[in-house]
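These are my notebook entries on a structure that I looked up one region at a time. The entries follow the order in which I went through the regions.

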Amino acid sequence: MRKLFLLLFFAGLFAFNISAQQRPTAFINARIIPISGPVIEQGILLVRDGKIVAVGDARTVRLAADVVVIDAAGKVIMPGLVDTHSHIGDGSGADASGPIQPDVRLMDGLNVRSSSLQRAQSGGLTTVNVMPGSGHLDSGQTLYIKLRDSAVKVDDLFILDKAGKYMGGIKFANGTNSLRAGGGAFPGTRAKSAALVRDQLIKAQEYRDKVKKAGNDASKLPPRDLAMEALVEVLDQKRMVHFHTHRHDDIMTALRLQKEFGFRLVLQHVSEAWKVADEIARAKVPASIIFIDSPGGKLETMDIDFKNGAALEKAGALTGFHTDDGITDSRWFLRSAGLAVRAGMSREKALYAVTMANAIMLDLQDRVGSLEPGKDADFILLSGDPLSVYTQVLETWVEGKKVFDRSDPKDYLLQVGGVGATNDRVQHLDCFDGDLGGWN
Amino acid sequence: MYTLELKRASQMFLLLLAFVAAAVIPANAQIAVKANEIWTMAGNPIINGVVLIKDGKIEAVGPAASVRIPTGYRVINAQIVTPGLIDAHTVVGLNGYLNQPHDQMALDGGASIQPELRATDAYNAQERLVEWLREFGVTTIHTGHQPSALVSGQTMIAKTWGKNVDEATIVPTAMIAVTLGDSANAGAGKSPGTRAKQVAMLRAELIKAQENAKKSDAPKDLKTVAWASVINRQVPLLVTADRAQDIVTAIRIAREFNIRIVLDSAAEGHMVVNEIKSSGFPVIVHATMARAGGQTENLSMENAYILRAAGIPVALQSGYEGYVPKTRVVLFEAAMAAANRRLLPREAMAMITIDAARILGIDKRVGSLEKGKDADLAMYDGDPFEWTSHCIGTIINGRVVSEVIR
């Protein structure tokens, strides 16, 4: 009897979910910032089955009878925010055994129930590159995730490529974080740091040549090496290198290595970008920068400056922002755009830098980062101008599902803090999506 | 023809004179600041007002219609003017921005109880972070020894201007920094190692001080003198306590020994509002954007709002930061406190101006724009709290100390 009841209960939920998904939903009368085009003052966003169907002027669109209409007058709608560099989810990467560990995958250490993922939702983030740390020259493979609700396993957050494989990059670092005074396997100088990376990439070239040479003859294949396989993906431009780098000379070293080995590169942090903005632009390498409340905290960020955004924009480099959460809190990611504009960046480029620019850096430009038909229905509802301190993220939607709602006291707690706000999530049923996971 | 040339020449001369005059007028000349809004923090904002500054003090504040600007005053225009901001608790100046051992002077790890350490002996007035805060309109800081030892040392109050500590200091010994909770433990094998031990050690010091107070021949060593200043209510303890239980402990100790305390950080303050309220002690609340975790796992962006609404005196702080950012900026922390729309912008501003001044006991000098007070002003080109506004200038003691656009 109990079983039957449960079954009926689930069936009911399931049916509700399906109907909710299949009926298109229109958000009307909002000020829409599509990023891909001009602002629409009285706009409409039509979504269905997790995708954006249409974006346009609310006054010129006639809706079919079956459309669920949500009046968002007075609110602002923009794409879900994309973060190129974060440490939410209590993830881990390489250990202390060596400075270069390309075989280590952040995926294997992510806690999908970490409250940090939900707090990020409350800041309007929908897509995140979760990275291992910077205490290594290469601390392992990063993971691109969607901040879907109620994940029970890391797979539930994956973004899959066309071949069905989860997407991610690889984390490199130079500068002081990976230096160890004691010697050993870790570098003691900047030149040694570059030499160690160079060595490994040359090894990977040789590994790749051996594999190529072996052809179909399995007996001639080198012993399988997961670290080498990851670096071969780097050499083959199949895996993006996210390169933690701060000082102007370290930035140039990253660009030099990129030129030498031809990998695809995103500069991360780039604290002294304003000193070498033209060089970055000329190399056609994108830069993802961070906004820190004061200079210093470590030697290589002595000259970090809010003007990095403006300088990179002026130089013509593709510029994105990131949280590096917990260095800055995901809940205030939009503040980065405000501070960038404060220091001279254009509004348009600053908003581009928390959305589309980052989508491009994660090879997700066809799926997220702007409000365009066919893209994932990842968007946020704001109470006002995204650059204003007084603006709140009211709702966050991922693939057509609401994952954050400020009017829900549980979600409000996550956004604002208070007793229990940082407790990891207990699996709950109201977001049942076919997998009971740890609940039973 | 001749007269025309003469006229031209005299014009040129006047122009030259004006140019020379401008170049030689010292930065602390008489100044008139005109603004669309003056947030005096003593009554309602003045729309279209003027602040007159003479000899380092505020000479007059009022509507432009009623305050005449005397000739010879340098006129500065701003959208909004506020009192110079007060950071009610920081470690800037003792801890530097490099974050290397040689510029981190806010904590001596040698002992758990060192009330005799003077902040003035470690304050670097030319530290980059002091300049940084000044450029955002922060004119007064309460700085000193950092949390994370049971009694780490003294704090001081300084203006963010001056070549050296003597020029900067306005209160050499403001408070003595005490920490309760996990972070006050001294490490494996050392005392204190538990909360109860922390309090037992504090109690022992305070009992000794009580007994010394009765003696005519009490020892004159620095420690004894420091504790005497606490027990005779001259110097308050600044008690950093985040857990509700530690906040309540601080209040209990203060009552037991009839000493003055200022509660600091108080991440769980919103859980013990009545206890704090009935104690009468003020709270310098953690930065609004402080990280939640460990002892601060329950902190709330609304903490300051909740405590203030209960009638508790509240100030905001930038706090202690061990890494990046090496300091926060109270302008931003107050902005974020106002952002949630439960505090009015003016209430948030009070927590970094007049209310902070009152808690620090310096409100007769600073914290509001009133005749006779120090001429400390922050000037903005828009709402001070908006991320996209700028602090366009800072005045300390009647001197323009920053004209950087931040």
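**Entry 1: a parallel pair in chain B.** I began with strand E5 (residues 85-90) of chain B, which pairs with E6(B) in the parallel sense over 4 bridges. I note at the outset that the model is a predicted one. For the register of this pair I looked up B:Ile86, which stands opposite B:Thr140 in E6(B). I then followed the chain from E5(B) to E6(B): the path goes through helix H2 (residues 128-135) of chain B, and this β-α-β crossover is right-handed.

**Entry 2: the other partner of E6(B).** I next turned to strand E7 (residues 151-159) of chain B, which runs antiparallel to E6(B) and is joined to it by 5 bridges. Here B:His142 has B:Ile157 of E7(B) opposite it. The two strands, E6(B) and E7(B), form a hairpin with 6 residues between them. In the turn I recorded a positive phi of about 105° for B:Ser148.

Is strand E6 (residues 138-144) of chain B enclosed or open? I found that 7 of its 7 residues are buried, so the strand is largely enclosed by the rest of the structure.

**Entry 3: a sheet in chain A.** I traced an open sheet of 6 strands in chain A, with the order E8-E10-E11-E12-E13-E14 and mixed pairing. Which strands stand at the edges? They are strand E8 (138-141) and strand E14 (319-321) of chain A; each has a single partner strand, so one side of each is left without a neighbour in the sheet. I noted an average twist of 25° from one strand to the next.

Within this sheet I looked up strand E12 (residues 265-269) of chain A, which runs parallel to strand E13 (residues 287-289) of chain A and is joined to it by 3 bridges. A:Leu267 has A:Ala287 as its bridge partner in E13(A). Helix H5 (residues 248-261) of chain A packs on the sheet, where it touches strand E11 (241-245) and E12 of chain A. The direction of H5 makes about 165° with that of E12(A).

**Entry 4: helix H7 of chain A.** I listed the buried residues of helix H7 (residues 308-315) of chain A as A:Asn308, A:Gly309, A:Ala310 and A:Leu312. What do they pack against? Their packing partners are helix H6 (277-282), E13 and E14 of chain A. Just after H7(A), I recorded a positive phi of about 90° at A:Gly316.

**Entry 5: A:Glu395.** I located A:Glu395 in strand E16 (residues 393-398) of chain A. Its relative accessible area is 15%, so I entered A:Glu395 as buried, the cut-off being under 20%. Leaving out residues up to four places away in sequence, I found that A:Glu395 touches A:Phe379, A:Ile380, A:Leu381, A:Lys402, A:Phe404 and A:Asp405. I also checked A:Gly344, which is 51 residues from A:Glu395 in sequence and 29 Å from it in space, C-alpha to C-alpha.

**Entry 6: salt bridges.** I obtained a count of 47 salt bridges over all chains. In chain A, the side chains of A:Lys298 and A:Glu300 meet in one of these, at 3.0 Å from N to O. Are these two residues buried or exposed? A:Lys298 is buried, with a relative accessible area of 10%, and A:Glu300 is buried as well, at 1%.

In chain B, I looked up the salt bridge between B:Glu403 and B:Arg74 (2.8 Å, N to O). This pair links distant parts of the chain, 329 residues apart: B:Glu403 lies in the segment after strand E16 (399-402) of chain B, and B:Arg74 in strand E4 (residues 74-83) of chain B. I noted B:Arg74 as partly exposed, at 34% relative accessibility.

A further salt bridge in chain B joins the side chains of B:Lys163 and B:Glu167 (3.1 Å, N to O). B:Lys163 is exposed, with a relative accessible area of 57%, whereas B:Glu167 is partly exposed, at 42%.

I also recorded a network of salt bridges that links A:Lys51, A:Lys146, A:Arg148, A:Asp376, A:Asp378 and A:Glu399.

**Entry 7: the interface.** Last, I looked at the contact between the chains, which takes 34 residues from chain A and 47 residues from chain B. The area buried between chain A and chain B is about 3,600 Å², and carbon and sulfur atoms give 56% of this. How many salt bridges does the rule find across the interface? I entered 0 for chain A and chain B.

Notes. Residues numbered from 1 in each chain as written. Chains lettered and ligands numbered in written order. Predicted model: local features only at pLDDT ≥ 70, side-chain atom pairs only at ≥ 80, totals over all residues. Heavy atoms only, no water. Pairing = 2+ DSSP bridges. Axes fitted to C-alpha atoms, helices over the stretch in contact; angles between N-to-C directions. Contact = heavy atoms within 4.5 Å. Buried < 20%, exposed > 50% of the residue type's maximum accessible area, 1.4 Å probe, protein only. Right-handed = clockwise from strand over helix to strand, strands pointing away. Buried area = accessible area lost by both parts, 1.4 Å probe. Salt bridge = Lys/Arg side-chain N within 4 Å of Asp/Glu carboxyl O.
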